[in-house]
Amino acid sequence: MKLSARIAAPAAALVLAGLTATACAPQTSDTGAKGDEKTGTLRVWLFQEVGNKPKEQVVDAAVAEFEKAHKGAKVKVEYIPVDTRAQRIKAAFNDPKSAPDVIEYGNTDTAGYVKDGGLADVSKEFAAWDEAKDIDPTAKQSVTVGDKVYGAPLFVGVRALYYRTDVFEELGIEAPKSQAELISTAKKIHQKKPDLYGLAVGGAYTYGAMPFIWANGGELAEESGGTYKAAINSDKARKGIEAYTSLFGDDNCPAAKCASMGGNATVTAFASGKAAMAIGGDFSHAAVEAGAVKGKYAVVPLPGVEAGSVAPAFAGGNNIGVLKSSPHRTLAVDLMKSLTGKGTQEKMFDAMGFLPTYTDVRDTVAKKEPFVEPFVKTLGAGAKFVPASPGWGSIDSSLVLPTMFQEIVSGRKDVAAASDDAAKKMDAAFADAG
């Protein structure tokens, strides 16, 4: 079966790579379990994918192995809709008696769920787990708050540069090797072919803009003593903001059309043949394959500032965690390992196209499917993650960064003023989160 068919399913789940639940559970007074039963039924909530059957088959196999190894233990899996996960998990945190033992959750939700008191600290078990040593550092960061671990990574998703090979060949140009070259190439293409965006960009495409900030040495926020302070208005971050917003205009992607675009819209523009380049994820591959540019594109890592370097990408994905309220803690942790272990992740890639979080398993799947290589290379170059603060949920859902970009490209504010305002909003959110 072709990978393009297999990976159509995870698109909905991988949207979680760039979203945080807009409704998080409030602080709960006592969600801790009162025992550790070694038999009984464990309840699991996993996300319902578009075309869920392949995922179910992989999960069923992992569950069967778990039940065989744990006599007297049974597992009941329920697949919940992604768009109502916030309400379901909120209810679970507040009603331990009806809560599941194990859940799948978006990796940007970690800090919020920890603050809400819902996730169990599995640091000791994670440290003693032999396979965990091969999990890449950024994936591990996505289950870590402070110095404690609250789950295991299930898969990871990153973005790279899609480009039209036919357009590049016609114009006699090569894939850009630096950020400056990327910007100049985009504008050159649009000049030569005014009907095309050189590089499709979006004012609401936060996770496409972040690599420009990180590549210039900027950070979203800085952590000190467990608290975060915005760094989006630092000199280095502003260089990245200037680089990204320079791509909005009549010489590449007109602000009137592109300021409101998000990630899906930029990938759609590329897939439909309206853009020569776009920043898309490994999870965008199916949509591009189904579009007008099939057979006429290639993918390379998004270039950094220095020629030949790779811009740090946002490491999205999902995790598996154990609820603090589970009366089957030991069994639940073992099930977490079964669902996120190397064997299961490789099967999940084969079934769904989810990129494994283990570096050795990623190398293996890259040999199976060549299209994965630039994304694996991007991860290997060092991906980044959002601030591990429960305040990030508020920052993300209130569109602080998209508002900043849109203010700049519309001309309402300059980079300094817009980034200062964004920093104030971020600091308020961090302070409110505690």
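This is a short tour of one protein model, with a suggestion at each stop for what to select next.

**The whole chain**

Begin with everything shown, and keep in mind that this is a predicted model. The protein averages a pLDDT of 91, and 92% of the residues score at least 70. If you colour by pLDDT and select residues 1–30, you reach a stretch where the value stays under 50, although the model still has 83 contacts for these residues beyond four places in sequence.

Switch to a cartoon view, in which the protein shows 21 helices and 12 strands. The C-alpha atoms fill a box of roughly 70 × 50 × 35 Å along the principal axes. How does the radius of gyration agree with that of a compact globule? For 434 residues a compact globule would have a value near 22 Å, and the protein has 22 Å, so the two agree.

Now turn on the surface, whose accessible area comes to about 17200 Å², with 52% of it belonging to carbon and sulfur atoms. Of the 434 residues, 58% count as buried. Among contacts between residues at least 6 apart in sequence, 79% join residues at least 24 apart. If you then colour the charged side chains, you will have 49 positive and 52 negative ones, and the centres of these two sets lie 2 Å apart.

**Helix α10 and its surroundings**

Select residues 206–215, which form helix α10, a mostly covered helix in which 9 of the 10 residues are buried. Among the buried ones are Y207, M210, F212 and W214. Which elements cover them? Show β7 (159–164), α9 (179–192), α11 (235–245) and β10 (277–281), and then add α19 (391–397) and α20 (400–409), since the cover of α10 includes each of these. Just after the helix, select G217, which takes a positive phi of about 90 degrees.

**Helix α13**

Move on to residues 263–271, helix α13, where G263, T266, V267, A269, F270 and A271 are buried. Keep β7 and β10 on display and add α14 (285–289) and β11 (297–300), because what covers the buried residues of α13 includes these four elements. The helix is followed by G273, whose phi is positive, near 90 degrees.

**Three loop residues**

Return to α19 and α20 and select L399 in the loop between them. Its phi is near 60 degrees, a positive value in a residue other than glycine. Most residues other than glycine have a negative phi. L399 counts as partly exposed because its relative accessibility is 46%.

Next, select L119, which is found in the loop between α5 (110–115) and α6 (123–128). Is L119 buried or exposed? With a relative accessibility of 1%, L119 counts as buried. Leaving aside neighbours within four places in sequence, L119 is in contact with several residues, including I103, Y105, Y113, Y150 and V322. If you draw a distance from the C-alpha atom of L119 to that of F93, 26 residues apart along the chain, you should find 8.8 Å.

End at S98, in the loop between α4 (85–94) and β3 (102–106). At 35% relative accessibility, S98 counts as partly exposed. A last distance, between the C-alpha atoms of S98 and A152, spans 23 Å, and these residues are 54 apart along the chain.

Conventions: Residues numbered from 1 in each chain as written. Predicted model: local features only at pLDDT ≥ 70, side-chain atom pairs only at ≥ 80, totals over all residues. Heavy atoms only, no water. Helix = DSSP H or I, 4+ residues; strand = E, 2+ residues; numbered from the N terminus. Rg over C-alpha atoms; globule rule 2.2 N^0.38 Å. Buried < 20%, exposed > 50% of the residue type's maximum accessible area, 1.4 Å probe, protein only. Contact = heavy atoms within 4.5 Å. Areas by Shrake-Rupley, 256 points an atom, 1.4 Å probe, with all protein chains shown as cover. Lys, Arg positive; Asp, Glu negative; His and termini not counted. Charge placed at Lys NZ, Arg CZ, Asp CG, Glu CD. pLDDT = per-residue confidence, 0-100.
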